Amino acid sequence: MIYNTGYTAPSFTGFYKIKGTAKELKPLVEPINDALPDSFVFFKDKSKWQRTLYILTGKHQDKFVSKIGQMDFMDLKEKVEKVLAEKAVKLKFKKVKKQLENGNFKI
């Protein structure tokens with residue numbers, strides 16, 4: 001016998017970053033948004049050769065959004081780790097790309 005218990009996926013929260021070039025990171029944005037529809041994904045732009053892609057979920061996303069009206073958005077993006085008072089967990093570009101290609105991206 002199989003019973004439907006109304007399983008709901010557990011909510012998770014996270015603050016992650018992936019470093020790379022603009023050419024490497026730009027194609028990851030849409031697949032990450034597809035894999036994590038409730039996440040907020042954005043770039044911290046330094047140059048076209050050195051960029052950081054941030055992924056915010058859960059309470060980190062809420063805290064980031066709450067700061068939008070309080071300070072300039074561009075400053076907020078550039079100083080996100082300082083504003084959230086937390087270091088982002090580093091993800092390896094090659095590992096994330098491989099997981100996205102295989103359809104099993106999880107953080």
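## A partly exposed valine

Valine 65 counts as partly exposed because its relative accessibility is 45%. The class lies between buried (under 20% relative accessible area) and exposed (over 50%), with a 1.4 Å probe and protein chains only. Valine 65 sits in helix 3, residues 58–67. Helices here are DSSP runs of H or I with at least four residues, strands are runs of E with at least two, and both are numbered from the N terminus.

Val65 joins Ile68, Phe73 and Met74 in a nonpolar surface patch. Together they offer about 320 Å² of accessible area. Areas come from the Shrake-Rupley method with a 1.4 Å probe, and for residues only the protein chains shown count as cover. Patch members have over 30% relative accessible area and no salt bridge; nonpolar side chains (Val, Leu, Ile, Met, Phe, Trp, Tyr) are joined within 5 Å, like charges within 9 Å. A salt bridge is a side-chain nitrogen of Lys or Arg within 4 Å of a carboxyl oxygen of Asp or Glu.

## Basis of the model

This is a predicted model: local features need pLDDT of at least 70, side-chain atom pairs count only at pLDDT 80 or more, and totals for chains, interfaces and linings use all residues. Residues are numbered from 1 along each chain as its sequence is written, and side-chain values use heavy atoms, without hydrogens or water.

## The chain overall

The chain has 6 helices and 4 strands. From the N terminus, their order is β-α-α-β-β-α-α-α-β-α. Of the 107 residues, 36% are buried. The accessible surface is about 7700 Å², and carbon and sulfur atoms hold 53% of that.

Take the contacts with a separation of 6 or more: 61% link residues 24 or more positions apart. A contact means heavy atoms within 4.5 Å.

## Around strand 4

Two alanines share the loop between helix 5 and strand 4: alanine 85 and alanine 88. Alanine 85 is exposed, because its relative accessibility is 68%. Its phi is positive, about 55°, although alanine 85 is not a glycine. Most residues other than glycine have a negative phi.

Alanine 88 is buried, because its relative accessible area is 9%. Beyond residues up to four places away in sequence, alanine 88 touches Phe15, Tyr16, Lys17, Tyr54 and Glu81. Alanine 88 and lysine 17 are 71 residues apart in sequence, yet 5.9 Å apart in space, C-alpha to C-alpha.

Lysine 90 lies in strand 4, residues 89–91. Lysine 90 counts as exposed because its relative accessibility is 63%. Lys90 belongs to a positive surface patch with Lys19, Lys46 and Lys87. Lys and Arg count as positive, Asp and Glu as negative; His and the chain ends are not counted. Each charge is placed at NZ of Lys, CZ of Arg, CG of Asp or CD of Glu.
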